[in-house]
Amino acid sequence: MTQKVAVLGTGKIGEALLSGMIRAGWAPADLLVTARRPERAEELRTRYGVTPVTNPEAAKTADTLILTVKPQDMGTLLDELAPHVPTDRLVISGAAGITTTSIEARLTTGTPVVRVMTNTPALVDEAMSVISAGSHANADHLAHTEEIFGAVGKTLRVPESQQDACTALSGSGPAYFFYLVEAMTDAGILLGLPRDKAHDLIVQSAIGAAVMLRDSGEHPVKLRENVTSPAGTTISAIRELENHGVRAALIAALEAARDRSRALAAGNN
């Protein structure tokens, strides 16, 4: 039986998911989209051959609803959807900090809800999507969610109690790496390199290091030690990072991201 999937509030992540699903074999005719602006909806129709609908229409006709709006907009969207969502719909939320319990409370009792935190590498099919079941979601619902988000990267199931930590690590994670590359590029310029050459050196080093972390099976400490010769350049740099409290700053930053995720869940915009 054909399953219809609707992506609601189709921004960058929603579009990345949509395009990934089509590349993975979903038929555009089975994909519905909603967007705040009519011109955005028409753009998605032209680009992917999907069908723009209203949020209530999506709730009535799709088998799976994927909510990709910002956390601050979730309440308004749920108010619009609630009268139209039957209990046999799977609702997948991609909003940071919004619990399955809070979504379930706004919908008909028994509606299955799955919470997912993905990240922007979905745009290049290298996302890390973390999946948690609500109280009415079963193994089939989780498997279907993994099938959808597996189209744009890797998936991992975790208890919902770990979602805020996962948001801090992987949901916001790409920004930390971009920030680091930005800082290292500025350092390269300070050391006398043109910006484009500094950028290329750092990006390729980052890609190579990431592949080694993924494929070698080695602990990151071991990989770092392999680069760190006695009395060499690397250990001099590592000493400065430690002297400036970079490790402690990273831990504090991730704690702040986790706390913000919790605040969003509590409705503190």
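Which residue follows α1, and what is the sign of its phi? The answer is in point 3, after a short tour of the chain.

1. **The overall picture.** Welcome to this structure, which is a predicted model. The chain holds 12 helices and 8 strands. Its C-alpha trace spans about 65 × 40 × 35 Å along the principal axes. Of the 269 residues, 38% count as buried. The accessible surface comes to about 14,800 Å², and 59% of that area belongs to carbon and sulfur atoms. Among contacts between residues at least 6 apart in sequence, 63% join residues at least 24 apart.

2. **Helix α1 and its cover.** A good place to begin is helix α1, which runs over residues 12-23 and has 12 residues. From its first C-alpha to its last it reaches 16 Å, close to the 16 Å expected at 1.5 Å a residue. Buried residues in α1 are G14, E15, A16, L17, L18, S19, G20 and M21. What covers them includes the strands β1 (5-8), β2 (31-34) and β4 (64-67), together with the helices α2 (38-48) and α6 (139-149).

3. **Just past α1.** Here is the reply to the opening question: G25 follows α1, and its phi is positive, near 115°.

4. **A buried charged pair.** Please look next at E15 of α1, whose side chain meets that of R40 in a salt bridge (2.8 Å, N to O). R40 lies in helix α2 and E15 in helix α1, so this pair ties together parts that are 25 residues apart in sequence. Are these two residues buried or exposed? R40 is buried, because its relative accessible area is 11%, under the 20% cut-off. E15 is also buried, with a relative accessible area of 13%.

5. **A pair within α2.** R47 forms a salt bridge with E43, and their closest N and O atoms are 3.0 Å apart. Both residues lie in helix α2, 4 residues apart, which is about one turn of the helix. An α-helix has 3.6 residues a turn, so residues three or four places apart point the same way. R47 is partly exposed at 47% relative accessible area, and E43 is partly exposed at 32%.

6. **Putting the two pairs together.** Which residues are linked in a network of salt bridges? E15, R40, E43 and R47 are linked in this way. The network thus includes the buried E15 and the partly exposed R47. A search of the whole structure finds 19 salt bridges.

7. **A pair between loops.** The side chains of R36 and D73 also meet in a salt bridge (3.2 Å, N to O). This pair links distant parts of the chain: R36 sits in the loop between β2 and α2, while D73 sits in the loop between β4 and α4 (74-81), 37 residues away. R36 is exposed, with a relative accessible area of 74%, whereas D73 counts as partly exposed at 27%.

8. **A nonpolar patch.** To finish, please turn to the surface, where L241, V246 and L250 form a nonpolar patch. Together they have about 230 Å² of accessible area. L250 has its place in helix α12, which covers residues 246-265. With a relative accessible area of 46%, L250 is partly exposed.

Technical notes. Residues numbered from 1 in each chain as written. Predicted model: local features only at pLDDT ≥ 70, side-chain atom pairs only at ≥ 80, totals over all residues. Heavy atoms only, no water. Patch = residues over 30% accessible without salt bridge, like charges linked within 9 Å, V, L, I, M, F, W, Y side chains within 5 Å. Areas by Shrake-Rupley, 256 points an atom, 1.4 Å probe, with all protein chains shown as cover. Salt bridge = Lys/Arg side-chain N within 4 Å of Asp/Glu carboxyl O. Helix = DSSP H or I, 4+ residues; strand = E, 2+ residues; numbered from the N terminus. Buried < 20%, exposed > 50% of the residue type's maximum accessible area, 1.4 Å probe, protein only. Expected span 1.5 Å × (residues − 1). Contact = heavy atoms within 4.5 Å.
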